[in-house]
Amino acid sequence: MVFTEKIKTLISRFFKLDRKQQIAVAAIAVFFILDVAVFIFLRSKGSWSQVTVCFDGADSAPEKVIALNSLASGKKLSKGSAFYKFTEGQQEMLRAFYEKNGSVGINVRVGLANRFGKSFEKAQEEQKVFTYGFLYAGDFNKKGKLTADAKKVLSGCDLRSFIKNQKGLSFFSTELSIEKNLASSSLPVGIVVSTEYPVKIYDFMVMPAKIGYDLTGEIPFYGIPSNGGSFPPAGNSFDFSGHRFTKCLILIFKFR
């Protein structure tokens, strides 16, 4: 009742203002409402990540994805798991790309710092697992929150294989294929990246699926099939039977 009286008082005061004052107050109110709306949207969906997604052959510019946790907000990822989600528009673009191409994969470009001398020797002492996988609608509850027990098919490696005994950065890209003949509702809605060594995530790219490796370019490429697997830098002993790391940050199962 008291709140209603206050609203009536504010309305009465508004109409006592002159025309310019009314316009100014109305403009402030509109900006306030828009700010609140944006805040509510970002709180419900997560904040924007600095990592972008693009579609091979598309005319549209790369778009930022949604960061579902703080580790996913920037491009630099320290130890832990970063969870990303595609916007509704990006999910629609993925569905269209999948229907057009039939065989599709999502690629991630990764950079990591080399080590020199004793620092390199120390970095080689323990396994440093990197894994990359998809999130699906079933990984979220009815409120849109990511469930903690999500199980993933993953592409992964031991990052020690990429850390060189020199200064500067090393790079690689890995693509995980999406299973064929899926219903549009079963396509990935996001991505999870986990690492035990600091890396930089540059971007994601949706592209026709490629399985195997290509070491001829500036950045070595490793394409993993939809059942997951691991890859070495030399590319001569792929494991396509699902992920087999003995130490991992996420519970993993072999896709059937």
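## A glycine in a loop

Gly74 sits in the loop that runs between strand E2 (63-67) and strand E3 (76-77). In this predicted model, leaving aside residues up to four places away in sequence, Gly74 touches Ser49, Gln50 and Val51. The C-alpha atoms of Gly74 and Lys200 are separated by 8.8 Å, although the two residues are 126 residues apart along the chain.

## The chain as a whole

The chain contains four helices and 13 strands, and of its 256 residues 39% count as buried. Among the contacts in the chain with a separation of 6 or more, 71% are accounted for by residues 24 or more positions apart. The surface that the chain exposes comes to about 14800 Å², of which carbon and sulfur atoms supply 58%.

## Three salt bridges

How many salt bridges does the structure hold? The structure holds three salt bridges, and each of them can be followed through the residues that form it.

One of these salt bridges joins the side chains of Arg95 and Glu92, with a distance of 2.8 Å from N to O. Both residues belong to helix H3 (residues 88-101), and because they are three residues apart in this helix, about one helical turn separates them. Arg95 counts as partly exposed at 21% relative accessibility, and Glu92 is also partly exposed, with a relative accessible area of 44%.

## A bridge between strands, and a further pair

In another salt bridge the side chains of Arg109 and Asp203 meet, again at 2.8 Å from N to O. This pair links distant parts of the chain, since Arg109 lies in strand E5 (residues 104-113) and Asp203 lies in strand E10 (residues 199-208), 94 residues apart. Is Asp203 buried or exposed? With a relative accessible area of 15%, Asp203 is buried, because the cut-off for that term is under 20%; Arg109, with a relative accessible area of 33%, is partly exposed.

The side chains of Asp158 and Arg160 form a salt bridge as well, with 2.7 Å from N to O. Here Asp158 is buried, having a relative accessible area of 13%, while Arg160 is partly exposed, having a relative accessible area of 23%.

## Cysteines

By the distance rule applied to cysteine sulfur atoms, the count of disulfides comes to zero. Two cysteines can be described by their accessibility: Cys54 counts as buried at 15% relative accessibility, and Cys157 is buried with a relative accessible area of 1%.

## How far to trust the model

The pLDDT of the chain averages 83, and 73% of the residues score at least 70. Over residues 36-45, however, the pLDDT is below 50, and this stretch has seven contacts in the model beyond near neighbours in sequence. Which other stretch has a pLDDT that stays under 50? Residues 243-256 form such a stretch, and for these residues the model has 44 contacts beyond four places in sequence.

Where pLDDT is low, the predicted coordinates should not be read in detail. A careful reader would therefore treat the contacts in such places with the corresponding caution, as the coordinates there are not to be read in detail.

Methods. Residues numbered from 1 in each chain as written. Predicted model: local features only at pLDDT ≥ 70, side-chain atom pairs only at ≥ 80, totals over all residues. Heavy atoms only, no water. Helix = DSSP H or I, 4+ residues; strand = E, 2+ residues; numbered from the N terminus. Buried < 20%, exposed > 50% of the residue type's maximum accessible area, 1.4 Å probe, protein only. Contact = heavy atoms within 4.5 Å. Areas by Shrake-Rupley, 256 points an atom, 1.4 Å probe, with all protein chains shown as cover. Disulfide = S-S within 2.5 Å. Salt bridge = Lys/Arg side-chain N within 4 Å of Asp/Glu carboxyl O. pLDDT = per-residue confidence, 0-100.
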